[in-house]
Amino acid sequence: MEASTLSAAMDVLAERGGLSKDGTNYRCGSDHRLSFYIGQPGHAMVLKTVETADLQGSYAVLDMREEKGTMVVDVDAVHAVALGPAKPGDDRKAGF
C-alpha cells in the first residue's frame, strides 16, 4: 500500500471512532482492536493488537498491545488495516 493510501485509510478509521490521531500517530482505544495485514493477500501475517501506529512516510512504527513490543514495517508490505470492537479476552494471556 502506498504511504498516502495508508494515511487516508487510517484517517477514515479515526473518523469512525475508536482511533485517535495526533499528527502522524494513531492510537487505538482500549475498547477497540486495530489490525494490520502484512504481506500478500491470502498469505498475510495479521498483527491484531496494534495499540499505536506512527506513520513515517515509507515505514510505520507499530506498538503492539498484547505482545508488548514494537515492529517497524515498510508501508508497501501493508495490504489492509481493520478496526473493530475489542474481543473478550484480547488482553488475557495463557498461564499456568
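Here is a walk through the structure above, from the overall fold down to a few single residues.

First, a caution: this is a predicted model. Let's start with the big picture. The chain is built from one helix and seven strands, and if you read along the sequence you meet them in the order α-β-β-β-β-β-β-β. The radius of gyration is 13 Å, close to the 12 Å that the globule rule gives for 96 residues, so the chain is as compact as a globular protein of that length. Put a box around the C-alpha atoms along the principal axes and you get roughly 45 × 30 × 20 Å.

How much of the chain is tucked away? Of the 96 residues, 29% count as buried. The surface that the chain exposes comes to about 5,900 Å², with carbon and sulfur atoms supplying 51% of it. As for charge, there are 10 positive and 14 negative side chains, and the centres of these two sets sit 9 Å apart. Contacts across the sequence matter for the picture too: among contacts with a separation of 6 or more, 51% are between residues 24 or more positions apart.

Now zoom in on strand β5, which covers residues 59-64. In a regular strand the side chains alternate between the two faces of the sheet. Strand β5 shows that alternation: Ala 60, Leu 62 and Met 64 point to one face and are buried, while Tyr 59, Val 61 and Asp 63 point to the other face and are not buried.

What does β5 pair with? On one hand there is strand β4 (residues 43-55), which pairs with β5 in the antiparallel sense over five bridges. One residue pair to look for here is Val 50 with its bridge partner in β5, Met 64. Three residues lie between the strands in this hairpin of β4 and β5, and Gly 57 takes a positive phi near 85° there.

On the other hand there is strand β6 (residues 70-74), and β5 pairs with β6 in the antiparallel sense over five bridges. Two pairs from β5 and β6 are worth finding on screen. Ala 60 has Val 73 as its bridge partner in β6, and Val 61 stands opposite Val 72 in β6. So far as burial goes, recall that Ala 60 is buried and Val 61 is not.

The hairpin of β5 and β6 has five residues between the strands. Lys 68 is found in that loop. Its phi is near 55°, a positive value in a residue other than glycine. Is the Lys 68 side of the loop buried or exposed? Lys 68 is exposed, with a relative accessible area of 69%.

Next, move over to strand β3 (residues 32-40), where you will find Ser 35. Ser 35 counts as buried, because its relative accessibility is 7% and the cut-off for buried is under 20%. Which residues does Ser 35 touch, once those up to four places away in sequence are set aside? The contacts of Ser 35 are Val 46, Leu 47, Lys 48, Ala 80, Val 81 and Ala 82. Val 50, the residue bridged to Met 64, comes up again here: the C-alpha atoms of Ser 35 and Val 50 are separated by 6.0 Å, with the two residues 15 apart along the chain.

Finally, go back to the helix. Ala 3 is found in helix α1, which runs over residues 3-15. With a relative accessible area of 31%, Ala 3 is partly exposed. Leaving aside neighbours within four places in sequence, Ala 3 is in contact with Gly 57 and Val 75. Gly 57 is the positive-phi residue from the hairpin of β4 and β5. Val 75 is 72 residues away from Ala 3 along the chain, yet their C-alpha atoms are separated by 6.0 Å.

How values were computed. Residues numbered from 1 in each chain as written. Predicted model: local features only at pLDDT ≥ 70, side-chain atom pairs only at ≥ 80, totals over all residues. Heavy atoms only, no water. Helix = DSSP H or I, 4+ residues; strand = E, 2+ residues; numbered from the N terminus. Rg over C-alpha atoms; globule rule 2.2 N^0.38 Å. Buried < 20%, exposed > 50% of the residue type's maximum accessible area, 1.4 Å probe, protein only. Contact = heavy atoms within 4.5 Å. Areas by Shrake-Rupley, 256 points an atom, 1.4 Å probe, with all protein chains shown as cover. Lys, Arg positive; Asp, Glu negative; His and termini not counted. Charge placed at Lys NZ, Arg CZ, Asp CG, Glu CD. Pairing = 2+ DSSP bridges.
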